[in-house]
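Take a look at the structure below. This report walks through a few loops, a sheet, a helix and the place where the ligand sits.

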Amino acid sequence: MTNEKGKLLVVGFGPGSEEQMTYRAKEAILESDSIIGYKTYIDLIKPLLTDQDIVRTGMTEEVSRAQEAVKQAEQGKTVAVISSGDAGLYGMAGLVYEVLIEKGWKEDEGVEVEIIPGVSAINSCASLLGAPVMHDACTISLSDHLTPWDLIVKRVEAAAQADFVIALYNPKSGKRTRQIEETQRILMKYRDKETPVGLVKSAYRERQNIVMTDLEHMLDHEIGMLTTVVIGNNSTFYYDGKMITPRGYQRKYTLGEEKQKLKPAQRLRSEAEPWAMHGGKEETVKAAESINVKGLAEEALSKLGTTYSENKQVSEDSISFKQTEIFEFAVSPGTANKKISSKQLLQLTEVIGEDGEVEYTPSHYFKVSLETDRAQEIVKELKEAGWLVSPVGNVIHVKACDFCDGEKRDSIPYAEELQEALGGMVVPKVMNIGFNGCGMACYGAITDDIGIIYRRGAFDVFLGAKTTGRNAHVAQPVAEGMEVDKLIPLITAVVDEYKEKGLPNERFHKFFKRVQEIQGFKYQEMPVPVIVDNPCE
Ligand code: SAH
């Protein structure tokens with residue numbers, strides 16, 4: 001045994017090809033006296049082999065590989081222990097340290113250790129798929145040879161729920177075939193079956209193979225020991241054969257235009273980021289007051305029952321994403337009333353002016369958008385003239401019928417109470433509550449997120465319609481003949497549960513499907529999807 005201290009180089013050589021190896025990894029392999037690694041890996045780095053001693057071992061012999069490496073380094077050799085990808089991720093780095101620790105190794109006195117980072121499969125595979133990682137992501141190994149399966153299930157469940165992009169390592173082998181099936185089942189509880197899934201086999205190696213599929217069909221393709229499975233998050237999409245996860249730029253920028261609505265100085269202001277921890281308020285309140293257009297808009301909004309601080313979960317379509325000087329709101333003739341007087345129309349025309357915009361929406365209201373410094377006064381004037389004014393964005397809209405022109409008026413007070421209690425309330429995603437005054441339900445309450453029908457002195461309640469897409473469906477009947485006094489507390493409790501547990505931008509029907517039960521009402525799988533032409537999507 002020589003007295004001179006040896007060196008342990010723990011090298012991650014990347015996905016496989018020399019081009020994807022780091023400079024330091026190559027250098028380390030070239031400067032080592034001996035190389036220790038799994039047979040296949042030694043073959044992959046063959047072009048870099050000169051006169052190094054080679055120790056090849058089988059796949060399950062990592063411990064003896066690490067022990068041998070430590071032994072040789074203690075004899076004074078420079079030893080490279082090689083791992084594919086990054087040695088610190090399901091590789092040899094940790095094990096080498098553990099073997100050293102067993103021997104009482106200390107950095108000062110013991111052999112020198114250098115861990116050399118490499119391009120891990122999550123990165124190499126992502127690059128071949130497009131840009132699917134981009135945002136918060138995690139890796140999960142489905143190998144239960146060293147990790148209890150229960151723990152793996154917990155991690156899959158947590159990652160799926162938290163909307164991480166997930167790279168599944170060691171997804172399947174000759175013997176381990178059920179793990180990936182069970183994983184798919186768990187993921188389907190939380191994500192759409194159309195969620196993009198990329199399967200990359202042997203990235204940057206000779207037999208490289210890339211498959212772009214979705215959660216529902218991922219198991220129809222070959223998955224093996226050399227595959228990494230990349231599961232998209234809720235916003236991942238395919239475009240022209242590329243799998244892409246947006247980072248969120250579209251919240252602030254119009255990517256197709258050179259000129260941005262928000263000027264550079266405005267982009268980091270709190271009020272431009274209502275989804276942030278500060279809730280769009282705090283330190284910039286003063287700034288907002290000094291500009292004052294925004295201050296006024298904010299005050300006006302708060303009078304309508306929503307504030308920027310509550311507005312944490314709004315999205316692109318919300319007022320807060322628009323340029324600060326633009327004031328947007330919803331206006332309709334009333335909860336039950338569908339008639340607009342010419343005087344009201346004239347007043348609205350005056351408010352909108354020449355440059356404002358007005359749009360009639362499918363949710364029974366005009367959406368008005370205008371540049372103004374009189375937001376607060378406008379709301380006041382419109383309300384005085386009998387208009388119902390509410391915020392827009394991810395809020396609740398109560399859509400009542402006309403109660404046969406007021407003839408079937410028994411349930412109108414409940415509709416109004418509902419509007420009073422919940423109208424304009426901020427929720428994870430825009431939500432329509434349909435309220436129809438008789439069993440005919442001709443205003444289509446059952447096609448809304450929550451449908452309420454007044455029938456023979458009692459209420460029927462429906463939850464979770466999906467109004468768009470090829471698998472559109474009506475809401476599920478959950479209560480029939482409910483006593484009238486129970487309505488408002490029940491709907492409020494349903495909405496509260498959605499507010500509390502819904503994910504940002506998660507539509508109510510998706511939420512219902514994910515949690516499977518709301519206020520004791522069980523979700524039922526929709527039988528046969530109605531296939532419709534869907535040119536708007
Ligand atoms: N340390 C390695 C991971 C080793 S675990 C790294 O950081 O990449 C082995 C798993 O890694 C395989 O089952 C596969 O899921 C993934 N993997 C490694 N190299 C790969 C490659 N070239 N292409 C696709 N997946 C790969």
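Phe403 sits in the loop between strand E18 and helix H13 (412–422). The model is a predicted one. Is Phe403 buried or exposed? Its relative accessibility is 1%. The cut-off for buried is under 20%, so Phe403 counts as buried. Its backbone deserves a look too. Phe403 is not a glycine, yet its phi is positive, about 50 degrees. Most residues other than glycine have a negative phi.

**Other positive phi values**

Asp163 is another residue of this kind. It lies in the loop between helix H6 (149–161) and strand E8 (165–169). Its phi is positive, near 60 degrees, and Asp163 is not a glycine. Asp163 has 23% relative accessibility. That value falls between the limits of 20% and 50%, so Asp163 counts as partly exposed. Gln516 also has a positive phi, of about 70 degrees, and comes just after helix H15.

Helix H15 itself covers residues 508–515. Which of its residues are buried? They are Phe508, His509, Phe511, Phe512 and Arg514. An α-helix has 3.6 residues a turn, so residues three or four places apart point the same way.

**A loop held by polar contacts**

Now move to Thr236. This residue is in the loop between strand E11 and strand E12 (237–239). Thr236 has a relative accessible area of 8%. With the cut-off at under 20%, Thr236 is therefore buried. What does its side chain meet? One partner is the backbone nitrogen of Asn233, which lies 2.8 Å from a polar atom of the Thr236 side chain. Another is the side chain of Thr245, in a polar contact of 2.8 Å.

**The sheet**

Next comes a sheet. Five strands build it, in the order E18-E19-E20-E21-E22. The sheet is open, and its pairing is mixed. Which strands form the edges? They are E18 (396–400) and E22 (476–482), and each pairs on one side only. From one strand to the next, the twist averages 15 degrees.

Look inside the sheet at E20 and E21. Strand E20 holds residues 450–455, and strand E21 holds residues 458–463. The two run antiparallel, and six bridges join them. Ile450 stands opposite Leu463 in E21.

**Around the ligand**

Finally, turn to the ligand. It has 20 residues around it. Leu89, Ser120, Met225, Thr227 and Thr228 come nearest. By class, this shell has eleven nonpolar, seven polar and two charged residues. Which protein atoms lie opposite nitrogen or oxygen atoms of the ligand? The table lists three cases.

| Residue | Protein atom | Ligand atom | Distance |
|---|---|---|---|
| Pro15 | polar backbone atom | nitrogen | 3.2 Å |
| Asp86 | backbone N or O atom | oxygen | 2.9 Å |
| Asn170 | side-chain N or O atom | oxygen | 3.1 Å |

How much of the ligand does the protein cover? On its own, the ligand has 540 Å² of accessible area, and the protein covers 94% of that. Two elements give two or more residues each to the shell: helix H5 (121–129) and strand E11 (227–231). Strand E11 has appeared before, at one end of the loop that holds Thr236.

Methods
Residues are numbered from 1 along each chain as its sequence is written. This is a predicted model: local features need pLDDT of at least 70, side-chain atom pairs count only at pLDDT 80 or more; totals for chains, interfaces and linings use all residues. Side-chain values use heavy atoms; hydrogens and water are left out. A residue is near a molecule or strand if one of its heavy atoms lies within 4 Å of it. A polar contact is a pair of N or O atoms within 3.5 Å; within protein, one must be able to donate a hydrogen and the other to accept it, and residues adjacent in sequence count only if both atoms are side-chain atoms. Accessible areas come from the Shrake-Rupley method with a 1.4 Å probe; for residues, only the protein chains shown count as cover. Helices (H or I, at least four residues) and strands (E, at least two) are DSSP runs, numbered from the N terminus. Ala, Val, Leu, Ile, Met, Phe, Trp, Tyr, Cys and Pro count as nonpolar, Asp, Glu, Lys and Arg as charged, and the others, Gly among them, as polar. Two strands pair if DSSP finds at least two bridges between them. Axes are lines fitted to C-alpha atoms, for helices over the stretch in contact, and angles run from 0 to 180 degrees between N-to-C directions. Buried means under 20% relative accessible area, exposed over 50%, partly exposed in between (1.4 Å probe, protein chains only).
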